[in-house]
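This report describes a mixed sheet, a helix packed on it, and the surroundings of one glutamine. The structure is shown first.

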Amino acid sequence: MKTFALRMFLFAAGACSLPAMALAAVPTTRPAEGLREGSHAAYAFTDARVFVSPETVLEKATLVVRDGVLIACGADIEPPADARVWKCSGKTIYPAFIDACAELSAEASRLGPSEKHGAAYWNAHVVPQTSADARYAPDAEANRKLRSQGIAVRLVAPSVGVVKGTSALVLTGDEQGSRSIVRAPIALHLMLTPAQRKVGRYPMSPMGAMALVRQAFYDASWYGDAWRTFASQPQLPRPERNDALAALQPALKGGLPVMIQTGDELYFTRAKQVADEFGLRLIVRGSGSEYRRLDAVKAAGVPVVLPLSFPKPPRVMTPEAAMSVSLEKLMHWDIAPENAARLEAAGVRIAFMSHGLSDTGSFLSGVRKAVAHGLPCAAALRALTTTPAELFGAADRLGKLEAGKQANFFLCDGDVFDVQATILETWVD
């Protein structure tokens, strides 16, 4: 499937029109209407500078795609005889970016009436049985904007609750749900602060939220033990069924990563404590202020998904206004764009997320700002490609431009981290 960041691209005349059989050979469960199309869509991008990975760059290389899969990439490759050839002299091809965290709307995340009457947890803020893949619906306009930033894949997670549910990797193309879900579940998502502060609705404080998360995991541990005991001794009374506690089992066993949302650098430490207590495979959804406790973050040895929503300049136009701005706020405005560079230099694995941006169209400018404040270009590319692919268990299909990988890439008229460069096209799947 071909998707555009910009409709006008400096290719040969007629390059913008593709044959309608581009997806004809893609496997589908849908019954065919009429005759089945047997054609195979093949494309060759020649004479391009290609970033196979953040560490490997090929000059004047050829990239060959067939039926949405990369089949070859190298400097001495002849395009297949049936391939549509695209001359890419002067262009650079990058692996498409992976947005490491976005959230579904509250409406899409909430349990439906039938689910609420199922075997739910006693507290409505613990809903790990909520799955993003069952609730995700593509948004054409939102996906168009994401493609303009070079993003082909994003992690989407439920947004409601303290223990929110599991995320899915989705494509930013225009296909419907049956084709847009790459993989699920990816991670369990939770936070250590109240989901909503309503009087009389527990939890109403960070202490209560922390206690609720710990209680849920202790209950899940007991639940797993009870069912295992029952399976080995069927003469015992059958334990009560609970969908939420059953959904927590993969995280307890260490197979499913747990992404914990942190509001500041202190919550980072609390997230690590929870992970250590229950043996969780932790990914921290960072706050952007991790630099304040860099030694503790480094010692934790866990990956961090970083926001790109940097603080706006404080209003200090008059002496009176300046007096109301704290030194802490001034320092955070100045240092926050260096957060990624400082974590990278300390050896912390990082990825970037669009969550927190008021406009996803500013995603790339946020990455460029981090690069301008000391983050090496190779490290930035890792944070957008190979690192999230590895964290989310999708490195076999995503993150690099190698044979056998999914054909997600974009074409740029220069170095993508240069503010003067433009992403010309993004190809998805």
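## The sheet

In this predicted model, 6 strands form an open sheet with mixed pairing, in the order 9-12-13-14-15-16. The edges are strand 9 (163-166) and strand 16 (350-353). Each of these has a single partner strand, so one side of each is left without a neighbour in the sheet. From one strand to the next, the twist averages 25 degrees.

Strands of a sheet pair through backbone hydrogen bonds, in either a parallel or an antiparallel sense. Strand 14 (residues 282-285) and strand 15 (residues 304-307) are paired in the parallel sense, over 2 bridges. Arg-285 has Val-305 in strand 15 as its bridge partner.

## The helix across the sheet

Helix 8 spans residues 265-278 and lies across strand 13 (258-261), strand 14 and strand 15. Relative to strand 14, helix 8 runs at about 160 degrees.

## Surroundings of Gln-249

Gln-249 belongs to helix 7, which covers residues 249-252. Is Gln-249 buried or exposed? Its relative accessible area is 11%; because this is under 20%, Gln-249 counts as buried.

A polar atom of the Gln-249 side chain lies 2.9 Å from the backbone oxygen of Leu-245. Leaving aside residues up to four places away in sequence, Gln-249 touches Ala-220, Tyr-223, Gly-224 and Arg-228.

Note on methods. Residues are numbered from 1 along each chain as its sequence is written. This is a predicted model: local features need pLDDT of at least 70, side-chain atom pairs count only at pLDDT 80 or more; totals for chains, interfaces and linings use all residues. Side-chain values use heavy atoms; hydrogens and water are left out. Helices (H or I, at least four residues) and strands (E, at least two) are DSSP runs, numbered from the N terminus. Buried means under 20% relative accessible area, exposed over 50%, partly exposed in between (1.4 Å probe, protein chains only). A polar contact is a pair of N or O atoms within 3.5 Å; within protein, one must be able to donate a hydrogen and the other to accept it, and residues adjacent in sequence count only if both atoms are side-chain atoms. Contact means heavy atoms within 4.5 Å. Two strands pair if DSSP finds at least two bridges between them. Axes are lines fitted to C-alpha atoms, for helices over the stretch in contact, and angles run from 0 to 180 degrees between N-to-C directions.
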